[in-house]
Amino acid sequence: MHEQKHIVETVKTGIIESIRGTGEVVDAAIDTVSETLVNTLKSTGTVGAALTGTVSDVLRGAILGTAQVGADIRGAAKGGVIGVIRSTREVGVEATESIGAGARAVVKSAAEVGGDLGSAARSAVEGSIAGAKEVGLRAEDAASAAASGAIKGAGEVSATAGEQVRRAVTGVIAGVKVVVKEPFRSEERKER
């Protein structure tokens, strides 16, 4: 628990200082998230559930810090997910699970600061597409992971939030058709 709080606070402070220094939210989020994740993952060798927890903590810190300085959290959502993709590539871990965890954290953190969940989710999907193209991943896979994670996070906030985010991330975003993967729904249909 202490380590989790430490990561959130470290990222929050880093984002605040970077935004105040440059005024640029997307780049501040990319750099802060990527650097923190790479350092944390290399020092701890974190994998699996611990990895997704670390991704969530880092993105929560990015959103909280961005909101604290009054900057637009959409930039932090987009840049944060790009930072996740860059860091997973650098440390050699599978990206789609981390992208989903990141988008989920973005939406839940946006709710925490009173932000627009649909806009935050859409920005996270846009970041996943930009990041995927940058490192050679399939943009469709990254977008699907981000959209699914965002919907899951919103569903944990409320049913209304879940529907709002589903509408925001479904369709074509940044030229990529976003397909939401929900295995639990398809299983429910088979039972009927």
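Biologist: How much space lies in the second largest pocket?

Modeller: In this predicted model, the lining of that pocket includes Gln4, Val8 and Ser56, along with Arg104 and Lys108. The space that lies in the second largest pocket is about 160 Å³.

Biologist: Which element gives the most to the lining of the second largest pocket?

Modeller: The elements that each give two or more residues to this lining are helix H1 (2–22), helix H3 (48–68) and helix H5 (95–112). With 5 residues, the one that gives the most is H5.

Biologist: How many charged residues does the lining of the second largest pocket have?

Modeller: Among the lining residues are Asp57, Arg60 and Glu112, and aspartate, arginine and glutamate belong to the class counted as charged. Besides 2 nonpolar and 3 polar residues, the lining has a number of charged residues equal to 5.

Biologist: Which residues touch the most other members of the largest nonpolar core?

Modeller: Nonpolar side chains tend to be buried together in soluble globular proteins. The largest nonpolar core here has 55 residues, and helix H7 (residues 139–157) supplies its largest share, 9 residues. Leaving aside neighbours within four places in sequence, isoleucine 99 is in contact with Val81, Val84, Ile85, Ser128, Ala142, Ala145 and Ala146. The members that touch the most others are Ile99, Val125 and Val165.

Biologist: Is alanine 174 buried or exposed?

Modeller: Alanine 174 sits in the loop between strand E1 (171–173) and strand E2 (176–178), and its phi is near 50°, a positive value in a residue other than glycine. Because its relative accessibility is 53% and the cut-off for this class is over 50%, alanine 174 counts as exposed.

Biologist: With which residues is glutamate 134 in contact, leaving aside its neighbours within four places in sequence?

Modeller: Glutamate 134 belongs to helix H6 (residues 117–135) and is partly exposed, with a relative accessible area of 41%. Its C-alpha atom is separated by 8.9 Å from that of isoleucine 82, although the two residues are 52 residues apart along the chain. Once those sequence neighbours are left aside, the contacts of glutamate 134 are Ile82 and Arg86.

Biologist: Over which residues does pLDDT stay under 50?

Modeller: The mean pLDDT of the protein chain is 90, and 92% of its residues reach 70 or more. Where pLDDT is low, the predicted coordinates should not be read in detail. One stretch, for which the model has 1 contact beyond four places in sequence, stays under 50, and it covers residues 183–192.

Conventions
Residues are numbered from 1 along each chain as its sequence is written. This is a predicted model: local features need pLDDT of at least 70, side-chain atom pairs count only at pLDDT 80 or more; totals for chains, interfaces and linings use all residues. Side-chain values use heavy atoms; hydrogens and water are left out. On a 1 Å grid over the protein atoms alone, a cavity is a set of points where a 1.4 Å probe fits but cannot get out, and a pocket is an open set with protein on both sides within 12 Å along at least five of seven lines; lining residues have an atom within 4 Å of a point. Grid points are joined across faces, edges and corners, and a volume is the space filled by probe spheres set on the points. Helices (H or I, at least four residues) and strands (E, at least two) are DSSP runs, numbered from the N terminus. pLDDT is the predictor's confidence in each residue, from 0 to 100. Contact means heavy atoms within 4.5 Å. A nonpolar core is a set of buried Ala, Val, Leu, Ile, Met, Phe, Trp, Tyr and Cys residues joined through side-chain atoms within 4.5 Å. Buried means under 20% relative accessible area, exposed over 50%, partly exposed in between (1.4 Å probe, protein chains only).
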